[in-house]
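I opened this model to look up its charged pairs, its helices and its surface. My notes follow in the order I made them.

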Amino acid sequence: MTDTTKHIAALRGQLANLAGVKSAAKQSEDAIQTAAGKRLEAVDASLKALKPRVFLDDGAAKQYEELTLERGRLQRMLS
């Protein structure tokens, strides 16, 4: 095997490795998107449940504010 052939074989191996990395990254991205979507649904449900108490309970108001900020982060992540 010549040096050029060895070099080409090594490059092909690296390309195959990169294809595997790309596939794994895509799977991770899909899993993150799915989890973010589920979390957004949970946050929206919590916001809906807290809304009637926001003006009567400081703790509920604080939680509502935190969830509103989280909802914004999730929406940016999903866009």
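**Entry 1: Asp 44 and its partner**

I started with Asp 44, bearing in mind that this is a predicted model. Asp 44 has a relative accessible area of 33%, so I logged it as partly exposed. Which residue does Asp 44 form a salt bridge with? The partner is Arg 71, and the closest N and O atoms are 3.7 Å apart. I noted the cut-off here, because a salt bridge needs the nitrogen within 4 Å of the carboxyl oxygen. I then placed both ends: Asp 44 is in helix 1, while Arg 71 is in helix 2. The pair therefore ties together parts that lie 27 residues apart in sequence. I also looked up the cover on Arg 71, which is partly exposed at 26% relative accessible area.

**Entry 2: Arg 39 and Glu 70**

Next I took the salt bridge between the side chains of Arg 39 and Glu 70, with N to O at 2.7 Å. This pair links distant parts of the chain as well, with Arg 39 in helix 1, Glu 70 in helix 2, and their positions 31 residues apart. Is each end buried or partly exposed? Arg 39 has a relative accessible area of 36%, so it is partly exposed. Glu 70 comes out at 18%, so I logged it as buried, the cut-off being under 20%. I then asked what Glu 70 touches, leaving aside neighbours within four places in sequence. I found contacts with Arg 39 and Val 43. Val 43 is itself one of the buried residues of helix 1.

**Entry 3: Asp 30 and Lys 26**

I counted the salt bridges in the structure and got four. One of them joins the side chains of Asp 30 and Lys 26, at 3.0 Å from N to O. This one sits within helix 1 (residues 3-50). The two residues are four apart there, so about one helical turn separates them. I looked up accessibility for both ends. Asp 30 is partly exposed at 36%, and Lys 26 is partly exposed at 45%.

**Entry 4: Helix 1**

I checked the span of helix 1. Its 48 residues reach 69 Å from first C-alpha to last, close to the 70 Å expected at 1.5 Å a residue. I listed its buried residues as Ala 36, Leu 40, Val 43, Leu 47 and Leu 50. What covers them? Helix 2 is included in that cover.

**Entry 5: Helix 2**

Helix 2 covers residues 58-78. I repeated the span check for its 21 residues. They reach 30 Å between the first and last C-alpha, close to the expected 30 Å. The buried set in this helix is Ala 60, Leu 67, Glu 70, Gly 72 and Leu 74. These buried residues pack against helix 1. I then looked at the N-terminal end, where Asp 57 acts as the cap. A side-chain oxygen of Asp 57 lies 2.8 Å from the backbone nitrogen of Gly 59.

**Entry 6: A nonpolar patch**

Last, I looked at the surface. Which residues form a nonpolar patch there? I noted Ile 32, Met 77 and Leu 78, which together have about 250 Å² of accessible area. Met 77 belongs to helix 2. Its relative accessible area is 40%, so Met 77 is partly exposed.

Conventions: Residues are numbered from 1 along each chain as its sequence is written. This is a predicted model: local features need pLDDT of at least 70, side-chain atom pairs count only at pLDDT 80 or more; totals for chains, interfaces and linings use all residues. Side-chain values use heavy atoms; hydrogens and water are left out. Patches are made of residues with over 30% relative accessible area and no salt bridge: like charges are joined within 9 Å, nonpolar side chains (Val, Leu, Ile, Met, Phe, Trp, Tyr) within 5 Å. Accessible areas come from the Shrake-Rupley method with a 1.4 Å probe; for residues, only the protein chains shown count as cover. Buried means under 20% relative accessible area, exposed over 50%, partly exposed in between (1.4 Å probe, protein chains only). The expected span of a helix is 1.5 Å times one less than its number of residues. Contact means heavy atoms within 4.5 Å. A polar contact is a pair of N or O atoms within 3.5 Å; within protein, one must be able to donate a hydrogen and the other to accept it, and residues adjacent in sequence count only if both atoms are side-chain atoms.
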